[in-house]
Amino acid sequence: MQEMFDRAIIGFDLSRKPDVQLIASITQTKAFYLAELFVQSDKRRHGLGRKLINQLIKQVISEGYLSVALRTSASPWLIEMYSKLGFRIVGEQQVTTIKKIAGQELKLPDDRVIMINDLYST
Ligand SMILES: CC(C)(COP(=O)(O)OP(=O)(O)OC[C@H]1O[C@@H](n2cnc3c(N)ncnc32)[C@H](O)[C@@H]1OP(=O)(O)O)[C@@H](O)C(=O)NCCC(=O)NCCS
């Protein structure tokens with residue numbers, strides 16, 4: 001992980017994210033929530049995001065977790081990236097995000113998907 005100090009992955013137990021837990025219908029299983037995945041912009045598209053997720057999966061398995069859940073923008077490439085890493089869509093959510101466009105703050109609808117990776121399924 002030395003080479004990844006300027007990249008980040010953050011997460012915690014899914015029980016701390018009850019809205020996602022409800023949509024994902026995971027209440028009995030010990031599940032981890034991947035809250036933020038970030039690679040420095042000039043280091044993207046070199047496989048680091050994939051490495052970070054695979055590393056996280058190994059780590060949470062060693063801690064006894066049975067699944068990983070996340071919420072991401074419903075953009076096709078992000079859905080494809082997570083699908084290739086073993087995640088599947090289990091729900092959708094529309095949230096409102098505030099974006100500054102031409103100096104003006106606008107509230108815009110933003111489609112998100114909830115995805116889970118059942119770590120032990122084949
Ligand atoms: C999402 C993010 C972490 C990906 O990191 P990365 O190091 O560029 O990802 P990788 O190089 O490991 O790419 C993984 C896959 O996604 C694809 N991919 C990555 N960025 C892409 C883009 N902008 N458009 C299309 N495909 C993309 C890669 O081609 C690769 O596909 P492959 O598995 O077929 O080879 C990075 O773009 C980022 O930090 N974005 C801003 C924060 C963010 O959106 N986080 C996710 C929120 S849940």
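**Fold, core and ligand shell of the predicted model**

Ala-102 counts as exposed, since 5 C-beta neighbours lie inside 10 Å and the limit for an exposed residue is 12 or fewer. The residue belongs to a predicted model, and its place there is the loop between E4 and E5. The phi angle of Ala-102 is near 50°, a positive value in a residue other than glycine. Most residues other than glycine have a negative phi. The loop that holds Ala-102 is part of the hairpin of E4 and E5, in which 2 residues stand between the strands.

A second residue with a positive phi is Arg-45, which is not a glycine and has a value of about 65°. Arg-45 is found in the loop between E2 and H2. This residue is exposed as well, because 7 other C-beta atoms lie within 10 Å, and a count of 12 or fewer defines that class.

The overall architecture is considered next. The protein contains 3 helices and 5 strands, which follow one another along the sequence in the pattern β-α-β-α-β-α-β-β. The C-alpha trace spans about 45 × 35 × 25 Å along its principal axes. Of the 122 residues in the protein, 21% are buried. Among contacts with a separation of 6 or more, 64% are made by residues 24 or more positions apart.

The 5 strands form an open sheet, and their order across it is E1-E2-E3-E5-E4. The pairing within this sheet is mixed. Strands of a sheet pair through backbone hydrogen bonds, either parallel or antiparallel. The edges of the sheet are formed by strand E1 (8–13) and strand E4 (88–101), each of which pairs on one side only. From one strand to the next, the twist averages 25°.

Two of the pairings involve E5. E4 and E5 run antiparallel and are joined by 13 bridges. Within E5, Arg-112 is the bridge partner of Gln-93, and Ile-116 stands opposite Arg-88. E3 also pairs with E5 in the antiparallel sense, over 7 bridges. In this second pairing, Ile-116 of E5 stands opposite Ala-69. Ile-116 is thus placed opposite Arg-88 and opposite Ala-69.

Helices pack against this sheet. H2 lies across E1, E2 and E3, and its direction is at about 155° to E2. H3 packs on the sheet as well, touching E3, E4 and E5, and its direction makes about 165° with that of E3.

The largest nonpolar core has 18 residues, and Val-68, Ala-69 and Leu-70 are those with the most contacts inside it. At least two residues of this core come from each of helix H1 (18–24), E2, E3 and strand E5 (104–118). The surroundings of Ala-69 give a local view of the packing. When its neighbours within four places in sequence are left aside, Ala-69 is in contact with Leu-14, Val-20, Ala-24, Ile-26, Ala-31, Tyr-33, Ile-114 and Ile-116. The last of these residues, Ile-116, is also the one that Ala-69 faces in E5.

Leu-37 offers a second local view, in strand E2. This residue is partly exposed, because 19 other C-beta atoms lie within 10 Å, whereas a buried residue needs 20 or more. Not counting residues up to four places away in sequence, Leu-37 touches Ile-9, Gly-49, Leu-52 and Ile-53. Leu-37 and Leu-52 are 15 residues apart along the chain, and their C-alpha atoms are separated by 8.1 Å.

The ligand is surrounded by 15 residues, of which Arg-44, Gly-49, Arg-50, Trp-77 and Met-81 are the closest. Strand E2 (31–38), helix H2 (48–62), strand E3 (67–73) and helix H3 (76–84) each give two or more residues to this shell. By residue type, the shell divides into 7 nonpolar, 4 polar and 4 charged residues. Gly-49 appears both among the closest residues to the ligand and among the contacts of Leu-37.

Conventions:
Residues numbered from 1 in each chain as written. Predicted model: local features only at pLDDT ≥ 70, side-chain atom pairs only at ≥ 80, totals over all residues. Near = placed C-beta within 6 Å. Helix = DSSP H or I, 4+ residues; strand = E, 2+ residues; numbered from the N terminus. Nonpolar A, V, L, I, M, F, W, Y, C, P; charged D, E, K, R; others polar. Core = buried A, V, L, I, M, F, W, Y, C linked by C-beta atoms within 7 Å. Contact = placed C-beta atoms within 7 Å. Pairing = 2+ DSSP bridges. Axes fitted to C-alpha atoms, helices over the stretch in contact; angles between N-to-C directions.
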